[in-house]
Amino acid sequence: MIRFREITVADKPLFDRYACAAQVRNCDMAFANIYCWQSLYRSEWAVVEEFLVVRFRLDGGDRLAYMQPLAESDNPDFSTIIPLLAEDAASMGQPLRFAGLTPVGVEVLRQYASEEFAFAASRDYADYIYAADDLRNLPGRRYQPKRNHINRFRNENDFRYLPLTAEYAEECLRLTERWGAGRADEDDTIAAEREAMVRAFENFDALGLQGGAICVEGELAAFTYGSQVCGDTFVTHIEKANTKFNGIFATINALFARSLSESVQLINREEDMGIEGLRKAKLSYYPVAVEPKWSAVAMDATMQSVRRLWIDVFGDSEEFVEQFLTTCYDAENLFAHREQGRVVSMAHLLPFRTAEGRRVNYLYGVATDPEWRGRGFASELILRALRRAESENRAVMLIPSGEDVKPFYEALGFVDRGVSLHFEGEFDFGTGDAERDKAMIRDFGEETLAEQESLMLKFDD
């Protein structure tokens, strides 16, 4: 049994040693990030067969995951630890799952793991990596707009740039709270970020954090900080500013980059999280690399059977199906009928939240092997799923694949009211055609969703 430990500031030298040996530049593996966010992710660490392993909870929920194991050797071999991690995950009733894998980590896992894994890359959580000199100097015509923003800020404001220290903690937190005003839909994220910042400022020097701040007429108007993850790579963890000052983000970005040691050749400015405006801003600085992070989950016999049935019935690519299996699949949400040792009919009852916070279910991936159709398997599975939803007082919705299947679902109590469904996140649960993504809904209880024109759904993992 692996004995995982709480992460403390005293563990930083050990983490840094492994990160430098592995030449890590992934922002997830920066010790300051791991330490400061551990209350949300419930992160723990252990050294397993000479590998540093971090175990955590995805998005602070119940799903268990492991970061990419780090070794001090040049040619890591995961084969010795995969069975141990699989046993650890199984002891907690979960499959072995990795999150935040680098492309190198994916290849090592493919090469050495005896288990069959499903893999999926995440663009929303890809790291933006820049040449440090580009951010310092903003050279050439393509950076002219950034230089214009900085010149405007300089011309319009009486400001001072200074190194950030823990003494500015309260002012930074107040600025962050003002920046977050009006974002009630993200209260949980804001609260978690605030706690991470408090932990950072309480241990600023011990975590090796470096930062900068801009004061306008004596008042804090912007701040940023980060840490060096390995020899030549610095990770910017936080950047906040009062947006009433035109050009302030471009200004603090450039001034902070110039304050870093010349030994810093690359700056990782972390992910865009799928936020369109943030993605546009990050791309406008012309990264030298946008490095995706991968998820992987060990597939048991049921998952492999689900993958086979899905591809055979829907004709989707293996890449699409594996993205579903790694990011959304849960054995508890699968309703399946088995024949001859394999799944021949299935339905997935997935948990979602509406924008207003109501918990609902989405019926997805309903399929039956052509050789086993006409025996009522799909109807039986859907009725079982509906009984569970009714016991939890959750409305169930689905997007029919075509007009021809609507009578089938109407017979099971679903009503077609033309409600448009929109999904947050990278995985598209719809048809790929927004005009066709109209829901049929089966309501339970007094509260109804059928009268609404559109719904925004977020996967509730």
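**Notebook: T368 and two helix pairs**

I looked up T368 first and found a polar contact of 2.9 Å that joins its side chain to that of S345. I note that the model is predicted.

**Entry on T368.** I located T368 in strand β16, which covers residues 359–368. Is T368 buried or exposed? The relative accessible area of T368 is 11%, and buried means under 20%, so I recorded T368 as buried. I then listed what T368 touches, leaving out residues up to four places away in sequence: L309, V313, V344, S345, R373 and A378.

**Entry on α12 and α13.** I next examined helix α12 (residues 301–314) and helix α13 (residues 318–327), whose axes come within 10 Å and cross at roughly 140°. I therefore entered α12 and α13 as oblique to each other. I noted the crossing of α12 and α13 as right-handed. Which residues meet here? From α12 I listed M303, V306, R307, W310 and I311, and from α13 their counterparts E318, F320, V321, E322, F324 and L325. By class, I recorded 8 nonpolar, no polar and 3 charged residues in the contact of α12 with α13.

**Entry on α7 and α10.** Helix α7 (residues 144–156) packs with helix α10 (residues 248–259) at an angle of about 100°, and I found their axes 8 Å apart. I therefore entered α7 and α10 as roughly perpendicular to each other. On the α7 side I listed K146, H149, I150, F153 and R154, which meet I248, A250, T251, A254, L255 and R258 in α10. The contact of α7 with α10 has 6 nonpolar, 2 polar and 3 charged residues by class.

Methods
Residues numbered from 1 in each chain as written. Predicted model: local features only at pLDDT ≥ 70, side-chain atom pairs only at ≥ 80, totals over all residues. Heavy atoms only, no water. Axes fitted to C-alpha atoms, helices over the stretch in contact; angles between N-to-C directions. Helix = DSSP H or I, 4+ residues; strand = E, 2+ residues; numbered from the N terminus. Parallel < 35°, antiparallel > 145°, perpendicular 65-115°, else oblique. Left-handed = near helix turned anticlockwise from the far one by under 90°. Contact = heavy atoms within 4.5 Å. Nonpolar A, V, L, I, M, F, W, Y, C, P; charged D, E, K, R; others polar. Buried < 20%, exposed > 50% of the residue type's maximum accessible area, 1.4 Å probe, protein only. Polar contact = N/O pair within 3.5 Å; in protein donor to acceptor, adjacent residues only side chain to side chain.
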